[in-house]
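Student: I've got a new model open on my screen and would like to talk through how it packs. Can you take me through it?

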Amino acid sequence: MTGAFPQPGACPRAQSAGDYPQRGARPRLDEGETLLAENQFVQHVAMGEVHVLRLANPPVNTLRTEIRAGLYDGMKAARAAGAKAVVIIGTGRMFCAGAEMTEFGKPRVPPSLTEVFEEFESFPGLTVAAIHGSALGGGLEVALACHARVALADANLGLPEVKRGFVPGAGGTQRLPRLIGPEAALKIIVSGDPIKATEAHKLGFIDAVIDGDLEAGAIAFARANLGKNFTLARNRTDKITGQDMAAFDAAAAALLKRSRGQESPKGCVEAVRASFTLPFEEGLQKERDLFASLVAGEQSKALRHIFFGEREAQRVPGLAADTQVLPVGRLVVIGGGTMGGGIAMSAANFGVPVTIVEMTEDALAKGLQRCEANWQRTVASGRLSQAEYEKRRALLSGSTDFEKTVGEADLVIEAVFENMDVKKQVFARLDKAARPGIVLASNTSTLDIDQIASATSRPEWVMGMHFFSPANVMRLLENVRGSKTNAVAIATATEFGKKIGKLPVLVGNCDGFVGNRMTGKRTPQVEKLLLEGCLPQDIDRVMEGYGMAMGPLATGDLAGLDIGAAVRKARGTVAPIADAVVAAGRFGQKTSKGWYMYDEKRNRLPDPEVESIILDVAEKMQVRRRKIEADEILERLLLPMVNEGARILEEGIASRPIDIDVIFTNGFGWPAWRGGPMFWADTQGLKAVRDKLNQYAEATGDKNLRPAALIEKLADEGGSFAAMGKSKV
């Protein structure tokens, strides 16, 4: 049998999306198989007393209407044909990735998943889910509604709905606790993180781990267990009887600590609680009510905005689909400091051989040791095996021979000190040493890519690849095109970023690019708020209450206040309070005092000395301080960024508003459940944004707060940033 469906003896996961024929093209059947039905998305074949329903909605078998209908009709047909067992299996990359989110908010066409599951659970024989690749969300709920589940060892199983802003809506919060207990289920559901089939087998919701051919193994499992009693999850009570409520509440509180205002984790807790405090049907209704409420809320819309936006942002507008992508068999990183080492680790983590180049043996040894120490901490935490560490370490090498090493590179990323003269010197050397026709990238966070490229004879191959610190952890990669960067360089940097687990977003060349340019426009308002009445903890409390991982003052202490002071000096700008704090020797965490004082565990504490500095500067500048409410603090910090984001769109530095939102949620600590700055502006309404900008521009004398032309235009038209892009909510 060829085409869309796996051949006997071949694992379904071996297929790729390109293996599918056009829908409606009927594959040949193997001996012993009888085709009973095919609705283009589900194929129903009989192998004697065992029937198989094969999902075929490439590439990830989401549960669109036709899939649900195929399963519903297939179960009824199997019952009518006298089947004793039905195996449900996915084709292509995975079993099933869950709900088709593009159907959210539209009238639902029957059958619902509830109706499909009723067919599973009322079937007089045995239903078996056979899982490869991933079973996520509704896909796992399909499996949980079956009598039994089998899987390949490396299959991933999870309920990630919490990351989309809602709770599982097809019984996942009720069936999983009945199979493995409420506390174990709570961890899976509230985190949203998948687990391997081997772990699921130990927990008790995978009945067998299959080696080799999954479909053949699942059929053999079904035949071996015909007539045996498999209690449906909905009818299990042994794991939920006598649940210790105090223990459950303690487990829930620990899991909710990091939610920082997100609603869906709390909803997940309440749904799981219903699994052992209510009868099954009432628990299902509680879950449905929570799902309906959350999915209609702003947080879920924001999370889905980012979910679809991350996919959209990786598609480079105007870049032809057939643009050549250069293979990268060896990466060379110039500089083994914090950023260079992190970039090198990122490559090795994903199987790419990488060499760090340093000027001296001592600097090189320190750089390599820093990478080793980072990996070893991960090993010590249990998140990385020793064998995997050794595999990654073997891919990392070092050299002080600049010319020879660069000459062997397929891609070079420079990660030296953030100084234009230094970077131009490095690129002049790269121009002479590197092979023709390879990408030469700079990991600069602010500097002009065209100036850097001017040091070479090949500006078309020069671009920025701005990693975020720590580079081996942070997902965002701002790829920066210069005025002469060619399409092949852009395509190569984009695909390489994906290869090493990053989220590449292409931006234009300007001071600070997108993220740093926008946050830079917030800084004058921070200074003004401190002058007018705020203390550092007031500002950080508001921003962290909004959901930011750290407020701007605490972030400054982490980065080093002396660095910001040096940038201001180079640009000829003044920040009276910030400059006074630095002049007092307060550089941040590295000196145990900055905007805050820090104890030996780096806990931050308000410092009376800082308050004295602020009051002294305000008095000298004859500023009358007042109480500033939280709403004003939030607006004065977010609106300058939105306004600059609009200018960035006007200039074409960012292609789409969603690109800006993806940059902030992945690189600047903006909570994904808030959707990003441009999404926030849309929730306020652009007329209100324009009016607030004018109000604060007048009140503070900050001309940068005058509304951007794009905001004026959209406000006049009743438009929105979302309408400019393609993000699907």
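What follows is a short back-and-forth about this predicted model.

Student: Let's start with the cores. Which residues touch the most other members of the largest nonpolar core?

Tutor: That core counts 93 residues. Its largest share, 10 residues, is supplied by helix α26 (residues 630-651). The two that touch the most other members are Trp595 and Phe721.

Student: How many residues are in the other core, the one that lies apart from it?

Tutor: Look for Phe117, Ala233, Ile240 and Ala271, which are among its members. The size of that core is 65 residues.

Student: Back to Phe721. Which residues of α30 does Phe721 touch?

Tutor: Leaving out residues up to four places away in sequence, the partners of Phe721 include Val642, Ala646, Leu649, Pro657 and Met678. Helix α30 covers residues 709-717, and the Phe721 partners that fall there are Leu710, Ile711 and Leu714.

Student: Now the pair α29 and α30. Are they oblique or perpendicular to each other?

Tutor: Two packed helices are described by the angle between their axes and the distance between the axes. Here α29 (residues 686-700) and α30 pack at about 135°, with axes 8 Å apart, and the crossing is left-handed. Angles of 65 to 115 degrees would count as roughly perpendicular and those over 145 as roughly antiparallel. At about 135° the pair fits neither, so α29 and α30 are oblique.

Student: How many charged residues sit in the contact of α29 with α30?

Tutor: On the α29 side you have Leu686, Lys687, Val689, Arg690, Leu693 and Asn694, meeting Ile711, Glu712, Leu714, Ala715 and Asp716 of α30. By class, that contact has six nonpolar residues and one polar residue, and the charged ones number four.

Student: And α21 with α26: how many charged residues are in that contact?

Tutor: Helix α21 (residues 536-546) packs on α26 at about 80°, axes 10 Å apart, which makes the two roughly perpendicular. From α21 come Asp538, Ile539, Val542, Met543 and Tyr546, and they meet Ala630, Ile633, Leu634, Leu637 and Leu638 of α26. Nine residues of this contact are nonpolar and no polar ones appear, so the charged count is one.

Student: What covers the buried residues of α2?

Tutor: Helix α2 (residues 113-122) has Leu113, Val116, Phe117, Glu119, Phe120 and Glu121 buried. The cover includes α1, β4 (85-90), β5 (126-131), α3 (138-144) and α4 (172-180).

Student: On to backbone oddities. Where is the cis peptide bond with omega about -5°?

Tutor: Most residues other than glycine have a negative phi, and most peptide bonds are trans. One cis bond runs from Pro58 to Pro59, with omega near 5°, and Pro59 lies in the loop between β3 (50-55) and α1 (65-80). The one you want leads into Pro470, in the loop between β16 (462-467) and β17 (476-481). That bond joins Ser469 and Pro470.

Student: Arg260 and Arg602 both have positive phi. Is Arg602 buried or exposed?

Tutor: Arg260 has phi of about 45° in the loop between α8 (245-256) and α9 (263-277), and at 41% relative accessible area it is partly exposed. Arg602, with phi near 65°, is in the loop between β19 (597-598) and β20 (604-605). Exposed means over 50%, so at 53% Arg602 counts as exposed.

How values were computed:
Residues numbered from 1 in each chain as written. Predicted model: local features only at pLDDT ≥ 70, side-chain atom pairs only at ≥ 80, totals over all residues. Heavy atoms only, no water. Axes fitted to C-alpha atoms, helices over the stretch in contact; angles between N-to-C directions. Helix = DSSP H or I, 4+ residues; strand = E, 2+ residues; numbered from the N terminus. Parallel < 35°, antiparallel > 145°, perpendicular 65-115°, else oblique. Left-handed = near helix turned anticlockwise from the far one by under 90°. Contact = heavy atoms within 4.5 Å. Core = buried A, V, L, I, M, F, W, Y, C linked by side-chain atoms within 4.5 Å. Buried < 20%, exposed > 50% of the residue type's maximum accessible area, 1.4 Å probe, protein only.
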